[in-house]
Amino acid sequence: MRSLEEWLTHQERVHPQAIDLGLERLERVLRRLDWRQPSVPVITIAGTNGKGSVAAHATAILQAAGHRVGTFTSPHLRDYRERIRIDNENVEVAALLSAFERIEQACRPGADGATSLTFFEYNALAAFLVFESARLDAWVLEVGMGGRLDAVNVVDPTVAVVVSIGLDHQEFLGATLEAIAREKAGIFRAGVPAVLGSSAPPSVLEELARTHQAPLKRLGHEFDFSRHGERWRYRGSRWDLEDLPAPALAGDIQYANAATAIAAVEELASRLEIPSEAVAGGLGAVRLEGRFQSILAAGVEWILDVAHNPDAARVLAGNLAGRPAAGRTLAVCGILADKDAAGVAAELGPAIDEWWIATTQGARGASATALAARMAPHLKTPVHLAADIEGGCAAALAAARAGDRIVVFGSFHTVAPALDWLEARARLPSGASSSASSPAASLREYTVSPRSP
């Protein structure tokens, strides 16, 4: 295998299950690689929503302090290499392929047999090998799913963060908030600070932290924040930072995410120099696509958000309400088949004036027809179907009037093609149109049936 594309195709096929939680296979491969735990501080971040934002804030603050940081996140939006970053730059292809070759060699039959890995496990192990070779000052690791049996959990953290608990991936993590919280608490370690980024987390998180004798840092207790106009204050166990700038990531939830990141970073202060100016600098420098991201294109504001479960949809609805549009709010929505589309619609239905529900691609994708049927009981405004995200964007733009805004949401698989479409459209000569964006070819009307009493 010579190209990244060939390696990724191989990794998608080599293991019989796409998701196969457990640490035994990874630990076996790491032993063969003679891998050792990192000698530098590690922040591990779990949670249903907010993990990416907390990771981005923590990375930006550490970078602003002059430290060399490796950041592992998933999934990627448009480029696989986004998952592994050094100083916020995508990993070099050569370094990634070298890591894959070492992993593949270690998977071959040995005294303890052959080992196959999932796509995500290859990804996580490659990140560990790349970071190990990069002479970093700190690692920031985002858990893929759950925590206890996630590949990231083979790394012992210096600080363990659980941002939020919500219903998602129930088929793997359990059907209740308590069960899901137990899985995410699997990243806790004895004596390692446990940062809880929700003001009302399930009580089992605190119980498990205490069982591990992990020092608790809870939002609203051991650390907190207060807003004062456009500025805000952080108070934690070590730092009291006044007059901080607003986080560069938009939305009210980002204050809590930023405070959670600061609560984690301040636990590294005994090992890394982190001046208060670096916190302010990081807050202003942080960037993350697809999180209430606003783009002005074709005279219309586009808001792109990867919100894909009811809790994230509730946050998105609140953010939209906090920034009312002069005109209507139009939505292009694509949600994967295994997500709670009805719950998402219940949260966002009142915020949207007109819908374009689009088919999402891939093995987990959902047709627009099936998605609309699941969402229909919660939608009271006009709904149209689109054959793809690009067609939905084109049709929404054609329907937009002065003062309207278009919200594209529902998945990484929704925001990514929308960003590609917007960029392609921006490159077209004035007056030209994109053949992939013909509303007539990719759209049809959909009428929502009245709800029964």
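1. Tyrosine 80 has a relative accessibility of 5% in this predicted model, and because buried means under 20% relative accessible area, tyrosine 80 counts as buried. Phenylalanine 119 also counts as buried, at 19% relative accessibility, a value to be read with the cut-off of 20% in mind.

2. Of the aromatic pairs, which come to 14 by the rule applied here, one is formed by tyrosine 80 and phenylalanine 119, whose rings meet edge-to-face, with 5.8 Å centre to centre and 80° between the planes. This pair links distant parts of the chain, since tyrosine 80 belongs to the loop between β2 (69-72) and β3 (84-86), while phenylalanine 119 belongs to helix α5 (residues 119-133), 39 residues apart. Both residues also belong to a cluster, in which ring pairs link Trp7, Tyr80, Phe100, Phe119 and Tyr122.

3. Another pair is made by phenylalanine 223 and tyrosine 234, whose ring centres are 6.3 Å apart and whose planes stand at 35°, so that the pair is classed as tilted. The reason for this class is that planes under 30 degrees apart count as stacked and those over 60 as edge-to-face, with the rest counted as tilted. Here too the pair links distant parts of the chain, with phenylalanine 223 in the loop between β8 (216-218) and β9 (224-228) and tyrosine 234 in strand β10 (residues 231-235), eleven residues apart. Phenylalanine 223 counts as buried at 0% relative accessibility, and tyrosine 234, likewise at 0%, counts as buried.

4. A contact between a charge and a ring should be noted as well: the charged end of arginine 227 sits over the ring of tyrosine 255, at 3.9 Å from the centre of that ring.

5. Turning to the pockets, the second largest has a volume of about 640 Å³. Its lining is made up of 31 residues, and those closest to the centre of the pocket are Ala56, Arg85, Arg287, Leu288 and Glu289. The elements that give two or more residues to this lining are α3 (51-64) and β12 (293-297), and α3 gives the most, with seven residues.

6. What is the make-up of the lining of the second largest pocket, in nonpolar, polar and charged residues? The lining divides into 14 nonpolar, ten polar and seven charged residues, and the residues closest to the centre of this pocket include Arg85, Arg287 and Glu289, which are of types that count as charged.

Note on methods:
Residues numbered from 1 in each chain as written. Predicted model: local features only at pLDDT ≥ 70, side-chain atom pairs only at ≥ 80, totals over all residues. Heavy atoms only, no water. 1 Å grid on protein atoms, 1.4 Å probe; cavity = no way out; pocket = protein on both sides within 12 Å on 5 of 7 lines; lining within 4 Å. Points joined across faces, edges and corners; volume = space filled by probe spheres on them. Helix = DSSP H or I, 4+ residues; strand = E, 2+ residues; numbered from the N terminus. Phe/Tyr/Trp six-rings, centres within 6.5 Å; stacked < 30°, edge-to-face > 60°. Buried < 20%, exposed > 50% of the residue type's maximum accessible area, 1.4 Å probe, protein only. Lys NZ or Arg CZ within 6 Å of the ring centre and 35° of its normal.
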